[in-house]
Each structure stands twice: as C-alpha cells, then as structure tokens.
Amino acid sequence: MAAPIVIVGAGQAAASFISRHVSLGSQQPLLLIGDEAHPPYQRPPLSKKYLLGELERERLFIRPLEWYADQAVELRFDTRVDSIDRELKKIITNHGETVEYDKLLLCTGASARSLPADIGGTLDRVFTLRSIADIDKMAPEFKADRKLLIVGGGYIGLEAAAASRQLGLEVTVLELADRILQRVAAAETSNYFRALHSGHGVDLRESVRMTRLLGEGGAVRGAELESGEIIDTDLVLIGIGSSPNTELAQAAGLDCDNGIRVNEICQTSDSSIYAAGDCSNFLRNGQQIRLESVQNAADQGDLVARVLAGEAVTYKALPWFWSDQYDCKLQIVGLNQGHNQTVVRPGANASSMSVWYYRDAELLAIDSMNEPKSYAFGRKIIEAGKHPTAAQVADPATDLKALAMS
Amino acid sequence: MANITWIMEDGSEINAEVKDGLNLMEAATANNVPHIEGECGGCLSCATCHVFVDPEWFAKTGEIDDIEDTMLEMTDVEREDNSRLSCQIVASAALDGLILRVPEPE
C-alpha cells in the first residue's frame, strides 16, 4: 500500500486539510498525529465561551471524533513527532514509532510565550492560554472576587479580561506599550477597547513594565512593577504573544525564519513537505509574513489538499479575524501593516464604529466594532480591489453596499 | 431532537437526528454535509454555512437579526428570500422534519 500523507499537528489547518481531501474524493490514506488528547478543535472560544463554562468540550471539536473514523483517517493523539528523516521519508514519534510518509504536512501551530522561571514564570496559578488543557487548569481557579492580573493587552489578554469580569473576578491588565493592542491596531481601536474595558471595571494600565512575579509557598501572590509598586493578585495570565513551533522543521533542516518558510502553494524547502497555519511563514504582497488566525489555518490547510489533488491553485486568501469581548463584536478584514492613514467611520450608535486603514489611497484593512456592515461590505470592497476615498468612508451617509456593488 | 434533511444541488440528501440546542452548522459539519464550513464557529463572521430553508419551514427557523442579515450579503452563492446562516438556527422539537437546501459555490 502507498505510504500515507502524514499530518503533524491536530489543529484547524489539519481539520481543514482533511475535510477538503475527503470532499475531493482523494483516495490516499491519511494519518493525523497530534500532541494533545483531542481531535482538532476551535481555539477561539477557549478565551470566551469555554472559559465562561458556556460551551461543552465536544462542541469545540471541528468534527466529532467518529467523523475521522468514518473517513478512514488514522489518528494518533498524545503523540509528538520527534524527528523527520527526509531522506527515507519517515517520521519518528516520541513513542518510538516510525512511520513512512509520501507527503508530510506540518501544522504544528504556535506556543504561548511564558515568562522565565527566574522572574516567577513557573509559579503556581500563573497561566497561559492556548489549549483546552490550559483552560481546564484555569477554570476552577477563576472564581468570583478573586484577583486576576493579566500581563499583556493583546487580543487574548483582553478576551480573557472580558470573560473574567463576566465571571466576577477583579481584573488588572498590564501593558508595556503606551497603549493596548499597539502591535495590531490603530490608536482609535485601542481607545475603543480601553473605554470598553474600563467601563466594565477592568483596571487597565498602559506603559507599565512588570519586573517580576512574587510567590509565596510556590504560588503567585503579586507582581512587582518597575516603579517599585507591588500589585497583589491571586492569579496571573500571561498574554504576551506566541512563537511558531518550528523545532521539528528546523531540526530536519527546513528553511525557517519566524515560522516554516513556504512558497505560494505552502510547500517548504523540501518538495514533499508542506506547512500550514500558525507555523507557516509565507510571501504576501512581496513581504514574508506569518499569521495566527483561523482563516489562515483553514485556508492554507484547504489549499494543500487541493494542491496535492493536482489543482493549479496558489495562496492569496484575504485575511480576516474576529474577537468577542462583552457585547462587542470586533471583525477585521485585511492586514493593516504598512498603513499611514486611518479613517474612522461612525457607527449607528455609540458602541459601534469602524476604523479603515490606508496606505496613501490604497485601502488595506478595516477594524469593525459592532458595525458588521463595514466588515461585510468592506470585505467585498477590498476583494474587488476598490479604494473608496477617506471622505467617502468617513461620511456615515455613504452607502457601503452601493460602493461594494458599484 | 429534530430530524433535519439537507438536500444538495444534485438532489442527494443527508438526513440526521440533531440534539436540541445544537445549531445546524454544527450538525451539518458533524454529518459531513458538503459546502457547510462554519469557519468562524458560529459567531457570524464567515458566512460559510449558508442554506436555503424550505419555504414552508422558513418562519419556524426564527428571526434574522441585523448581523445575520448583513452577513448574508457575504455568502458565496447570492442570498434569496429564504436564506439563513445555519449557525443561527438552533435545533428543537419545533424544527423536527426541517428541510434545508445547500447552495454550491461555483
């Protein structure tokens, strides 16, 4: 029998690859290897509904466990791939199993960054948020009136802040930069979320450097700031971004640079090995980028299945993202990197607005807060390669649908 | 429980008993209904779970809120009067026998 396509990493990209492979009627056998105990699942609800206890675990699964058996996909969970023998086209697992592959798809994802042990990063009740296991550890501790300190004012930190306030915790967020979301959004978007969280009672502190976490009996009790101030806390969540899981690829000698380098068909520097999702680094509009998003993972996984089925396709999906915090639905389309101008489009009410990012006259991206029309029609506008003027989008009387269809 | 039928453009059908409380995007992906992706997990950001509801059943599937109404503008196959995003339809006894048609993008 032919060697299987082996998929390393059981996340969104893997699920999407398998779904497309199956729907294209491809007969080549598949083996999925994941280092967690679960089939591929949705990560976005972890920091929201799953942390709130509103979603049972099975409902996170992208496909039910039985589905994989029905599609004759072989599964290995709780299994890590330790090495790749590219010459013999084999992988070796941490259980000592050797498996031959015809094609290899690396969907190894990314890992949440943590703090070093010497500044308290390994104390008890210091958490990171990336997996079901992370939430299952956190959730029993996240009880009303406990004090939670969140280090990092990015999307994960802010989503966790919102869920934790809803659970009745006292929440403080520390951000090193001069504003939350600085790395990913314009000041207007930061201002919106600062007001949203402050209004929900989050103590949000920007331009604050934390020097170390303080422990007592092995568990975290507080944090020391550069100013010398001590913040008491019962729990700490570290939300300072993540790093691509490239160790396996690097050890196998594949080109890596902030992710596993791939070409326009998600192929690595070894033509039998592909990479998709958070771990891949690809070329978009002349720039090497890496994206951590469901859209990118799903679309790249889908693309690899099409490529392996012989379709002549290349990756040019338009990025989109979302975040839910309290009653705010943030929807983002496009990538704002390289923008030199932002335009605010007022929304239908006080809690809605959108921020449009331009590089000169070129529309790059839109952040839409409780303003789904800006997202939906903005996406059509960007997809169609149209560039409405700043004056047009700033005017609430402008009909976005008409702009998108014109 | 609700017995739900998805009908594809080629006339083939998929039928499943769906537990109360599950939405019909989840039910569709669990039952391998083609063209229903549900990338955003049902939070109204992707419009990849578009269905046409059998007209006799349409009113029983509930109200379309503003966000769904807007997101229906983004579907691959253009919306019609009986379009819904199936992540917003929740299974219950009232929907037992529901028939959905699945649009196929080009």
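The exercises below, each with a worked solution, concern a predicted model with chains A and B.

Local features are taken only where pLDDT is at least 70, and side-chain atom pairs count only at pLDDT 80 or more, whereas totals for chains, interfaces and linings use all residues. Residues are numbered from 1 along each chain as its sequence is written, and chains are lettered from A and ligands numbered from 1 in the order in which they are written.

**Exercise 1. Domains of chain A**

Task: state which domains chain A is assigned and describe where domain 1 touches domain 2.

Solution. Begin with the assignment, whose bounds come from an automatic or database source: domain 1 covers 5–111 + 242–308, domain 2 covers 114–238, and domain 3 covers 327–405. Next, take the separation of domain 1 and domain 2 of chain A, whose C-alpha centres lie 30 Å apart. Then turn to contacts, where two residues are in contact if their C-beta atoms, placed from the backbone, lie within 7 Å; by this criterion 14 residues of domain 1 of chain A are in contact with 14 residues of domain 2 of chain A. Finally, classify the domain 1 side, counting Ala, Val, Leu, Ile, Met, Phe, Trp, Tyr, Cys and Pro as nonpolar, Asp, Glu, Lys and Arg as charged, and the others, Gly among them, as polar: the side of domain 1 that touches domain 2 divides into 6 nonpolar, 5 polar and 3 charged residues.

**Exercise 2. Strand 16 and its partners**

Task: determine which way the residues of strand 16 of chain A point, and with which strands strand 16 pairs.

Solution. Helices (H or I, at least four residues) and strands (E, at least two) are DSSP runs numbered from the N terminus, and strand 16 of chain A spans residues 235–238. In a regular strand the side chains alternate between the two faces of the sheet. In strand 16 of chain A, Leu235(A) and Leu237(A) point one way while Val236(A) and Ile238(A) point the other way, and all are buried, a term that requires 20 or more other C-beta atoms within 10 Å of the residue's own, with C-beta atoms placed from the backbone. For the pairing, which needs at least two DSSP bridges between two strands, strand 9 (residues 126–128) of chain A runs parallel to strand 16 over 3 bridges, with Phe127(A) opposite Leu237(A). Strand 10 of chain A is also parallel to strand 16, over 4 bridges, and here Leu148(A) faces Leu235(A).

**Exercise 3. From Gly152(A) into helix 4**

Task: locate Gly152(A), decide whether Gly152(A) is buried or exposed, and then examine the helix that follows its loop.

Solution. Gly152(A) sits in the loop that joins strand 10 (147–151) to helix 4 (155–166) of chain A. Gly152(A) is buried because 22 other C-beta atoms lie within 10 Å. Leaving aside neighbours within four places in sequence, its contacts are Gly157(A), Glu175(A), Ile238(A), Gly239(A) and Ile240(A). Gly152(A) and Val173(A), 21 residues apart in sequence, have C-alpha atoms 6.7 Å apart.

Helix 4 of chain A, with 12 residues, reaches 17 Å from its first C-alpha to its last, close to the 16 Å expected at 1.5 Å a residue, where the expected span is 1.5 Å times one less than the number of residues. Helix 4 is mostly covered, as 10 of its 12 residues are buried, among them Tyr155(A), Gly157(A) and Ser164(A). The covering elements include strand 10, strand 11 (170–174), helix 5 (187–199), strand 16 and strand 22 of chain A. Just after helix 4, Gly168(A) takes a positive phi of about 90°.

**Exercise 4. The sheet 18-20-21**

Task: work out the strand order of this sheet and the sense of each pairing.

Solution. The sheet in chain A is open, has 3 strands in the order 18-20-21, and shows mixed pairing; its edge strands, strand 18 (260–261) and strand 21 (287–289), each pair on one side only. Strand 18 and strand 20 (residues 280–284) of chain A are parallel over 2 bridges, with Ile260(A) bridged to Ser280(A) and Arg261(A) opposite Asn281(A). Strand 20 and strand 21 of chain A are antiparallel over 3 bridges, with Gln288(A) as the bridge partner of Leu283(A). Strands 20 and 21 of chain A form a hairpin with 2 residues between them, and Asn285(A) in the turn has a positive phi of about 50°.
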